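Colleague: Hello! I am new to this structure and would like to learn how to read it. Could we go through it together?

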Amino acid sequence: MRGTRQAPGHLPPREDATGEFGPVPVTAIEQETGLSKEVVRKWEDRFGFPHPHRDSQGNRLYPREQVASLRLIQRLLSAGYRPRMVVGRPLDVLEQMVADVTADAEAGAPDEVKRVLDDIRQGDHTGIRNALTALLRRQGLPRFVKETAAPLSALVGEAWLRGDIHVFQERLFSEALADILREASLSASSSDGHPRILMTTPPGETHILGLRMAEAILALDGACCINVGPQLPAAELVLAADRLDIDIVALSLSLAFPERAAAAFLRELRKLLPEAVEIWAGGMGANRGALAVPGVRFLPDITAAEEALKQFAAR
């Protein structure tokens, strides 16, 4: 990494109950890396990494260096890499990849976006919310989502990649933005809007900012968006679609979510849902060739979601 700054993968190791720094249990892997335990286990089977130890009860324990690698992998996925390109690569290679993809990421950002980033680095919870709220009021919801929320989310991810911000600072921003988008969606949405869109993520997919952005834009365009939160199992999703008289099921997929798991979930869901109920899969993880599931529409960005809504209305 540049200068003498500590490499972002070398974050302070986890301190166990005895006061020693030891391996991370599987129950804490998501908190430590931002990756769900389901995703990490799938990578074990597919890529042979990570390769955890086992405790006396047979539960997984992840060594510190592997946890550091998982943190870097999660950050590279956020920058656009696919799992097969990064999972299992040596730690020093991952560190160099992080350095390469995040160099001078903020140089061309507008001044108002840079000011929000300064608030994030200072951990100024109130400042972050106030700045985002002011931008939303000045720009209006469509411009705010496309010109501020989406690029700012990318910049925050890149700052995290460089090790310029910590996990808690990134979460202050993510929670503030998610809350603001949620409030804007509720104000824009109408219970008698059309179509009726059920919004969620597959089990194991914890990233929701993309879903919040889509919800805000689609609600503003007249849809009735019903967000039931992340990780809804297929059976519950089908039940909700029936009880809530849903026209479209919209799912958010990040690049961190395994392609095979996503494809399997979408195929199962397509079989279970009535043919009249459309399935839309959006987010950076939806723009992948392996996800060519018949009967599922893939929407890689907000503009594609808007166009899909127009086409639905025209039909």
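Colleague: Let me begin with a pairing question: which residue in E5 is the bridge partner of methionine 199?

Modeller: Welcome! Please keep in mind that this is a predicted model. The partner of methionine 199 is asparagine 227 in E5. That pair belongs to a set of four bridges joining strand E4 (residues 196-200) to E5, and the two strands run parallel.

Colleague: What is the order of the strands in the sheet that holds E4 and E5?

Modeller: To read a sheet, follow the strands from one neighbour to the next. Here five strands lie in the order E5-E4-E6-E7-E8, forming an open sheet with parallel pairing. Strand E5 (224-227) and E8 are at the edges, where each has a single partner strand, so one side of each lacks a neighbour in the sheet. From one strand to the next, the twist averages 25 degrees.

Colleague: How many bridges link E7 to E6, and how many link E7 to E8?

Modeller: E7 pairs with E6 in the parallel sense over five bridges, and with E8, also parallel, over four bridges. You can locate a single pair on each side: glycine 282 of E7 is the bridge partner of serine 252, while tryptophan 280 stands opposite arginine 297 in E8.

Colleague: Is E7 largely enclosed or open to the outside?

Modeller: For that, look at how many of its residues are buried, then check each face. Five of the five residues of E7 are buried, so the strand is largely enclosed by the rest of the structure. Both faces are covered: Glu278, Trp280 and Gly282 lie on one side, with Ile279 and Ala281 on the other.

Colleague: Which elements do the buried residues of H12 pack against?

Modeller: Strand E7 (278-282) is one of them; the others are strand E6 (248-252), strand E8 (296-299), helix H2 (37-47), helix H4 (83-86) and helix H11 (234-243). The buried residues of H12 are Glu259, Ala261, Ala262, Ala263, Phe265, Leu266, Leu269 and Arg270.

Colleague: Why might buried positions in a helix recur at certain spacings?

Modeller: An α-helix has 3.6 residues a turn, so residues three or four places apart point the same way. With that idea in mind, try H9, whose buried residues include Phe173, Leu177, Ile180, Leu181 and Ala184.

Colleague: And what does the length of a helix tell me?

Modeller: Compare its end-to-end distance with the expected span. Helix H9 (residues 167-188) has 22 residues and reaches 31 Å from its first C-alpha to its last, close to the 32 Å expected at 1.5 Å a residue. For helix H12 (residues 259-272), 14 residues should span 20 Å, and the end C-alpha atoms are 20 Å apart, which agrees.

Colleague: How many disulfides does a search of the whole structure find?

Modeller: Zero. The approach is to look at the distance between cysteine sulfurs. The sulfur of cysteine 224 has its closest cysteine sulfur in cysteine 225, and the 7.1 Å between them is too far for a bond. Both residues are buried: cysteine 224 has a relative accessible area of 5%, and cysteine 225 has 10%.

Colleague: What is the order of the strands in the sheet of three?

Modeller: That open sheet runs E1-E3-E2, with antiparallel pairing. Strand E1 (24-25) and E2 are its edges, each with a single partner strand, so one side of each is left without a neighbour in the sheet. Two bridges join E2 to strand E3 (residues 60-62), and histidine 53 stands opposite leucine 61 in E3.

Colleague: Where is proline 52 found, and which residues does it touch?

Modeller: Proline 52 sits in the loop between H2 and strand E2 (53-54). Leaving out residues up to four places away in sequence, proline 52 touches Glu44, Arg60, Leu61, Tyr62, Pro63 and Gln66. Its relative accessible area is 16%, so proline 52 is buried.

Colleague: Is serine 36 buried or exposed?

Modeller: Serine 36 counts as buried, at 3% relative accessibility. Look for serine 36 in the loop between helix H1 (29-33) and H2. Its contacts, not counting residues up to four places away in sequence, are Glu30 and Gly204.

Methods:
Residues numbered from 1 in each chain as written. Predicted model: local features only at pLDDT ≥ 70, side-chain atom pairs only at ≥ 80, totals over all residues. Heavy atoms only, no water. Expected span 1.5 Å × (residues − 1). Buried < 20%, exposed > 50% of the residue type's maximum accessible area, 1.4 Å probe, protein only. Contact = heavy atoms within 4.5 Å. Pairing = 2+ DSSP bridges. Disulfide = S-S within 2.5 Å. Axes fitted to C-alpha atoms, helices over the stretch in contact; angles between N-to-C directions.
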